[in-house]
Amino acid sequence: MAAFALRENGWYLRQDIIWAKGNPMPESVKDRCTKSHEYIFLLSKSRKYYFDYMSIKEPAVTQPKARDKNKEGYQADYPKGDRFSSGERVYGADGMRNKRDVWNVNIKPCKEAHFATFPDTLIDPCVLAGCPECGVILDPFMGSGTTGLVARRHNRNYVGIELNPDYVQIAENRINSAS
Ligand SMILES: C[S@@+](CC[C@H](N)C(=O)[O-])C[C@H]1O[C@@H](n2cnc3c(N)ncnc32)[C@H](O)[C@@H]1O
């Protein structure tokens, strides 16, 4: 509902990414399945936007097929042109492929916080693909500061907003002790 409301307000809803948790919170339900996923929405304010897909590519499961190589021996660059165009090589030849939209990341307890925190590895691809080096990342619900921590790790700046002053302290401690 949030995603559709944002789209109504002019945002482009580019993708719904599934965060699949291998270790979800158990639920004592008998009339539905236990929930083991959450959504990550990729929203943009304009049709064209920054997205560094190369920075988050993942290991390919299959080898590139010979028929997909051009005369330079490169795997075709599908996103930029026809599959036999020369020059660029993206997927396959290096054993990597474009990141898929189901992300398998286990939840990890954060010893400082009693509320649900993001695992670092969930935020890594968001930071890498969504913001250039030295750019600025906004987290309006900063909690324990995971976004700031990951932003710093990847040489990005960040702005965090948090309602609860105790959590602000937790975030500052975590970020400072990691630097
Ligand atoms: C689930 S936590 C976020 C956890 C965070 N992703 C992390 O990894 O630690 C949500 C946070 O949003 C904060 N929050 C809720 N409403 C807010 C508001 N209106 N403005 C700022 N922060 C708010 C809560 O205090 C809480 O710390």
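The following paragraphs lead the reader through a predicted model of a protein and its ligand.

The overall architecture comes first. The secondary structure of the protein consists of four helices and seven strands. When the chain is read along its sequence, these elements appear in the pattern α-β-β-β-β-β-α-β-α-β-α. Of the 179 residues in the protein, 17% are buried. Contacts can also be sorted by how far apart the partners lie in sequence: among contacts between residues at least 6 apart, 52% join residues at least 24 apart.

The strands may be considered next. Three of them form an open sheet in the order S2-S1-S5, and the pairing within this sheet is mixed. Its edge strands are S2, covering residues 37-44, and S5, covering residues 102-104; each of these pairs on one side only. From one strand to the next, the twist averages 25 degrees.

The mixed character of the sheet can be followed pair by pair. Strand S1, which spans residues 12-20, runs parallel to S5, and three bridges join the two. With S2, strand S1 runs antiparallel, and here eight bridges make the connection. One residue, Trp 19, illustrates both pairings: Trp 19 stands opposite Trp 103 in S5, and Trp 19 also stands opposite Glu 38 in S2.

Beyond strand S2, the chain enters the loop that leads to strand S3 (58-59), and Arg 47 is found in this loop. Is Arg 47 buried or exposed? A residue counts as exposed if 12 or fewer other C-beta atoms lie within 10 Å of its own. Arg 47 is exposed because it has 7 other C-beta atoms within 10 Å. Although Arg 47 and Trp 11 are 36 residues apart along the chain, their C-alpha atoms are separated by 9.2 Å.

The helices lead to the interior. The largest nonpolar core holds 16 residues, and those that touch the most other members are Leu 122, Ile 123, Val 127, Ile 137, Val 150, Ala 151 and Ala 171. Three elements give two or more residues to this core: helix H2 (120-130), helix H3 (146-153) and helix H4 (165-178). Ile 137 offers a detailed view of such surroundings. Leaving aside neighbours within four places in sequence, Ile 137 is in contact with Val 127, Cys 131, Thr 147, Ala 151, Arg 156 and Tyr 158.

Another loop, between strand S7 (157-160) and helix H4, contains Asn 164. Asn 164 is exposed, because 11 other C-beta atoms lie within 10 Å. Its C-alpha atom is 9.9 Å from that of Phe 141, a residue 23 places away in sequence.

Phe 141 also appears in the surroundings of the ligand. Which residues come nearest to the ligand? Of the 14 residues around it, the nearest are Thr 117, Phe 141, Gly 143, Ser 144 and Thr 146. Sorted by class, the shell around the ligand comprises eight nonpolar residues, five polar residues and one charged residue.

Methods: Residues numbered from 1 in each chain as written. Predicted model: local features only at pLDDT ≥ 70, side-chain atom pairs only at ≥ 80, totals over all residues. Near = placed C-beta within 6 Å. Nonpolar A, V, L, I, M, F, W, Y, C, P; charged D, E, K, R; others polar. Pairing = 2+ DSSP bridges. Axes fitted to C-alpha atoms, helices over the stretch in contact; angles between N-to-C directions. Buried ≥ 20, exposed ≤ 12 C-beta atoms within 10 Å, placed from the backbone. Core = buried A, V, L, I, M, F, W, Y, C linked by C-beta atoms within 7 Å. Contact = placed C-beta atoms within 7 Å.
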